[in-house]
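User: Could you walk me through how to read a few features of a protein model? I would like the general idea and then the case at hand.

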Amino acid sequence: MPDDIHVAVIGAGRQGRDLINYGLDLPGLRFKAVCDIWPYARTYAANLLKKRGHPCAAYEDYREMLAKEKDLAAAIIATPDAFHCEQTLACLKAGLHVYCEKEMALTVEDCRKMVLAARQAERLLQVGRQHRSNPRYHLALEYIYEKKALGRITNVFGQWHGHKRVKFTWPEKLAIDEATLKRYGYESMEQFRNWRWFAKFSAGELVNLGAHQIDVFNWFLHAPPKAVMADGGLDYYDFYELYDNATCLLEWDYAWEGKTRTVRGLYDVNTTTEEGGFYEVFYGDDGALTISEDARQGGLWREQRAKVAQWEEDLPVLWVRPNSPPPKRHGGAYYLHDYGVNVGGPSEDRVFAPLPNPGVEKHPHWYHLKNFFDAIRGVWGLNCPAEVGYQGAVAALRAVEAMKAGRRLALKMEDFKV
């Protein structure tokens, strides 16, 4: 094992602490510093690290941390989106590799600055689109492109129902003093705790949540969108600024067997209900595939008329009703649970045994962090480098722009290049 990688964490709220916990399960990391403007959060994180054998310094200001900590190799940034650009640029300038939570920034220009800064510094910048490192998504890609289980993709759909808007509170005795809040751009403790719903710090749920799924579409279709239109609003909640629901329609140029066709996609984000959860669907002329980071969701449907493929023939079959006649092989739902494919549909009584499990399943963030630190060691490339993260950010931010403008926006491939 090479020398330990010394890591700092900027932003020790819930997401930052989660990333700390996942990082603690990776060998060869040493957490050396933690930074947060809230004394409660940084003390909690520092104590957590100390208990796990990583005594570290705690800072209020990331600039002081970078000035004093001279042996850092990497930083994990999990602050509100509005601060990502300035903090990433400072870390890169200090010679650190950066893992930055999505979204990269609130404007396309700031996202561009981050890409250019990573290139200039010759350091790695991993954007926190953790599905890019999720083995379940790589398995889905195998079924689409190696097994050609869907045929040609014709349409896509995605939704995120959840994150119901509940005000985050705090014990008054632990509140940040007013002068400190103002120094870092906050008007109140309530704004600090609920930053995702204020336009000064966030672009709203099409970016907070939808950026993940729009990026999945881009990834699986091998292209950024060529057009987007969207509609949404603050229609349910009567507090804070940003919209609580939005629906958008996107278009991609999709290349398949030497021809380029248009694929259209519908995406819906809604914070007033948990119904249905979050997932993406890819529809093809031979089948459809549903995939989600929620391991309880996901599956593959084969059309009745689809020709039986060799990969279907090679899978062992377990009859659900031993005394029933053998079912037809056409038409059925294949559920991708635990990296396997369990098959059974409304017209059939059969179950395909699970595929070989590629390993013990971890949280998706664990895989993405592992990819980042493996890349620092030179044993793997980044799964979501700055340029890839930039494309997803542009698509999501343009969707918000389309919603505000109330019209269809045509996008050029040049819009996604730096």
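User: In this predicted model, is M229 buried, partly exposed or exposed?

Analyst: The label depends on relative accessible area: under 20% is buried, over 50% is exposed, and partly exposed lies in between. M229 has 33% relative accessibility, so M229 counts as partly exposed. You will find M229 in strand β8, residues 227-233.

User: Which residues form a nonpolar patch on the surface with M229?

Analyst: The general tendency is that nonpolar side chains in soluble globular proteins are buried together. Here, M229 joins L249 and L266 in a nonpolar patch on the surface, and together they have about 210 Å² of accessible area.

User: And the interior? Which residues have the most contacts inside the largest nonpolar core?

Analyst: That core has 83 residues, and those with the most contacts inside it are M104, I153, L206, F220, Y267 and F282. Helix α13, residues 386-405, gives the largest share of this core, with 11 residues. Another core, of 44 residues, lies apart from it and includes Y22, A46, Y186 and F373. For a closer view, take F220: beyond four places in sequence, F220 is in contact with Y137, A140, L141, I144, Y145, Y254 and F282.

User: How do I read a helix such as α1, and which of its residues are buried?

Analyst: An α-helix has 3.6 residues a turn, so residues three or four places apart point the same way. In α1, residues 14-24, the buried ones are G16, L19, I20, Y22, G23 and L24. Their cover includes the strands β1 (5-10), β2 (29-35), β4 (74-77) and β5, along with the helices α2 (39-51) and α12 (364-376).

User: What about polar residues? Is Q159 buried or exposed?

Analyst: Q159 is at 6% relative accessibility, which means that Q159 counts as buried. Q159 sits in strand β7, residues 153-161. Setting aside residues up to four places away in sequence, Q159 touches Q213, Y267, D268, E275, G276, G277, F278 and Y279.

User: Where does K102 lie, and what does its side chain reach?

Analyst: K102 is in the loop between β5 (97-100) and α5 (108-121). Its relative accessibility is 6%, so K102 counts as buried. The side chain of K102 reaches the backbone oxygen of N208 at 2.6 Å. Beyond four places in sequence, the residues in contact with K102 are D81, H84, V127, G128, R129, V207, N208, A211 and H212. The C-alpha atoms of K102 and L209 are 9.5 Å apart, while the two residues are 107 residues apart along the chain.

User: Which backbone geometry should I look at there, cis or trans, for the peptide bond from K102 to E103?

Analyst: Most peptide bonds are trans, and most residues other than glycine have a negative phi. The bond from K102 to E103 is cis, with omega near 0°. E103 also belongs to the loop between β5 and α5.

User: Where do K148 and H222 lie, and what is the phi of K148 and of H222?

Analyst: K148 has a positive phi, near 55°, and lies in the loop between α6 (135-146) and β7. K148 counts as partly exposed because its relative accessibility is 41%. H222 has a positive phi near 60°, and its place is the loop between α10 (210-221) and β8. With 56% relative accessibility, H222 counts as exposed.

Technical notes: Residues are numbered from 1 along each chain as its sequence is written. This is a predicted model: local features need pLDDT of at least 70, side-chain atom pairs count only at pLDDT 80 or more; totals for chains, interfaces and linings use all residues. Side-chain values use heavy atoms; hydrogens and water are left out. Helices (H or I, at least four residues) and strands (E, at least two) are DSSP runs, numbered from the N terminus. Buried means under 20% relative accessible area, exposed over 50%, partly exposed in between (1.4 Å probe, protein chains only). Contact means heavy atoms within 4.5 Å. A polar contact is a pair of N or O atoms within 3.5 Å; within protein, one must be able to donate a hydrogen and the other to accept it, and residues adjacent in sequence count only if both atoms are side-chain atoms. A nonpolar core is a set of buried Ala, Val, Leu, Ile, Met, Phe, Trp, Tyr and Cys residues joined through side-chain atoms within 4.5 Å. Patches are made of residues with over 30% relative accessible area and no salt bridge: like charges are joined within 9 Å, nonpolar side chains (Val, Leu, Ile, Met, Phe, Trp, Tyr) within 5 Å. Accessible areas come from the Shrake-Rupley method with a 1.4 Å probe; for residues, only the protein chains shown count as cover. A salt bridge is a side-chain nitrogen of Lys or Arg within 4 Å of a carboxyl oxygen of Asp or Glu.
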